[in-house]
Amino acid sequence: MGISQNLLQKYAELIVRTGGNVQPGQIVTLAVSVEQHAFAALVIEECYKAGAKKVNVEWISDAQARLNYLYADQEALAKVLPWEEAKMKQMVEDLPVRIFISSDDPDALAGVDPEKLSAVMQSRSTVMKPYRNAIDGKHQWVIAAYPSVKWAKKCFPEASEEAAVDQLWKAILKTVRVREENDPVAEWKAHTEFIEKKAAWLNEQQFASLRYHSENGTDFTVDLIPGAKWEGAGAINSTNGAFYIPNMPTEEIFTSPIAGKCEGKLVAVKPLSWNSQLIENFSITFEGGKAVSCQAEKGQALLEKMIAMDENSCMLGEVALVPKESPVNQCGFLFYETLFDENACCHVALGMGFKEVLPGGDDMTMEEAQAQGINDSIIHVDFMIGADDLSIDGIRPDGTAVPIFREGTWA
Ligand code: ZN
């Protein structure tokens, strides 16, 4: 089969126009795999058609990353070179639209020493984080996907390479609402309006906490930050007012809860792929807002390591609502890619929260946001808890419970 030029063109347009919403005169940074150079060219051209001043490309290679981890020593890999930091400084100055085309092989780093991997990640993130914080909320960005052969084979190991890529394409295009005959830009408008209506309702309710329950053992309460917003689908660049869609697909409505204020047990309903390794059939128990224990049938050590990445990685940074009818869930397989898997059903994330959910949060430092309850950490890892029977109640400050989710979907 293969994918038609028409679909590729529509997809590239959707990413640039609806996703990044590139404005005339803006600089764009495109991060894309060397394997996807042909699609990159479509995206670059679309950016220029939208009026981009300059498109800079950061070519990614899974093979290069793997070889670096296998052969270079930890110290060399962990070091952020002056030119890399200069690039980050330039980014803070330019505030470019950042477009990421993800096509990673989920197994690219399999076999790499997990100690080495997390140590390198940890020290690089520590240097890079202030720059990321500095551009937070002040630029447009979008992550979309393009199927590579290795990624497709990971999802469909039984299929031939060609058939696997076709199947993954079919799934990706379903979830981003691109078909031969439709107008994806119009469909996205309706989709984002639906999500924003739900978010507006949640914002009106001003719930003090959320209570989760499922037959699978999930029994959990988390406190919300008074006045913090629920957000979904789109975001606004506070420097130019441009509305953009950071994730394509996106189905979630999310907020950041109070770090350190949750109790109970969350049972994962899907495997979690972290650093190219799988954590399966697991649960995490929280006391006083911190993950105090976890059980995984597979990946126990990895899960423990993730929770202990830094001082705050044991606390939540996100709670997100996604109905079980999500097209990602309908695809019925694990994508091994958070962009998709987190849009399958309700989830929470350990680690960093979003300061932009606070009123005036875009202009706060991370320290100021932390003082209001937002978690800060070098990790942000989503895991799925949206069981088919999941019920979620919103608890008002006076204690009354309002149904938000029943049987895994909007009540
Ligand atoms: Zn999320």
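## Strand E15 and its neighbours

In this predicted model, strand E15 (residues 316–321) pairs with strand E16 (residues 347–351). The two strands run antiparallel, and four bridges link them. Within this pair, glutamate 318 sits opposite alanine 349 of E16.

E15 also pairs with strand E10 (residues 253–255). This pairing is antiparallel too, with three bridges. Here phenylalanine 254 has alanine 320 of E15 as its bridge partner.

Is E15 buried or exposed? The strand is mostly covered, and six of its six residues are buried. Glutamate 318 belongs to the stretch 316–321, so its charged side chain starts from a buried position.

## Helix H2

Helix H2 covers residues 37–49, which makes 13 residues. At 1.5 Å a residue, the expected span is 18 Å. The C-alpha atoms at its ends are 18 Å apart, so the model agrees with that expectation.

Which residues of H2 are buried? They are Ala40, Val43, Ile44, Glu46 and Cys47. These residues lie on the same side of H2, because they cover an arc of only 160° around the axis.

Several elements help to cover the buried residues of H2. Among them are helix H1 (5–20) and three strands: E1 (27–33), E2 (54–60) and E3 (97–102). After H2 comes glycine 51, with a positive phi near 105°.

## Two domains

The protein chain divides into two domains. Domain 1 takes in residues 5–175. Domain 2 is made of two segments, 206–229 and 251–410. The centres of domain 1 and domain 2, taken over C-alpha atoms, are 25 Å apart.

## Where the domains touch

How many residues of domain 1 are in contact with domain 2? The count is 24 residues of domain 1, against 21 residues of domain 2.

On the domain 1 side, four elements give two or more residues each. They are helix H6 (114–135), strand E4 (141–145), helix H7 (149–155) and helix H8 (161–175). H6 gives the most, with eight residues.

What is the make-up of this side by class? The side of domain 1 that touches domain 2 has ten nonpolar residues, eight polar residues and six charged residues.

How values were computed
Residues numbered from 1 in each chain as written. Predicted model: local features only at pLDDT ≥ 70, side-chain atom pairs only at ≥ 80, totals over all residues. Buried ≥ 20, exposed ≤ 12 C-beta atoms within 10 Å, placed from the backbone. Pairing = 2+ DSSP bridges. Expected span 1.5 Å × (residues − 1). Arc of directions from axis to C-beta. Contact = placed C-beta atoms within 7 Å. Domains from an automatic or database assignment.
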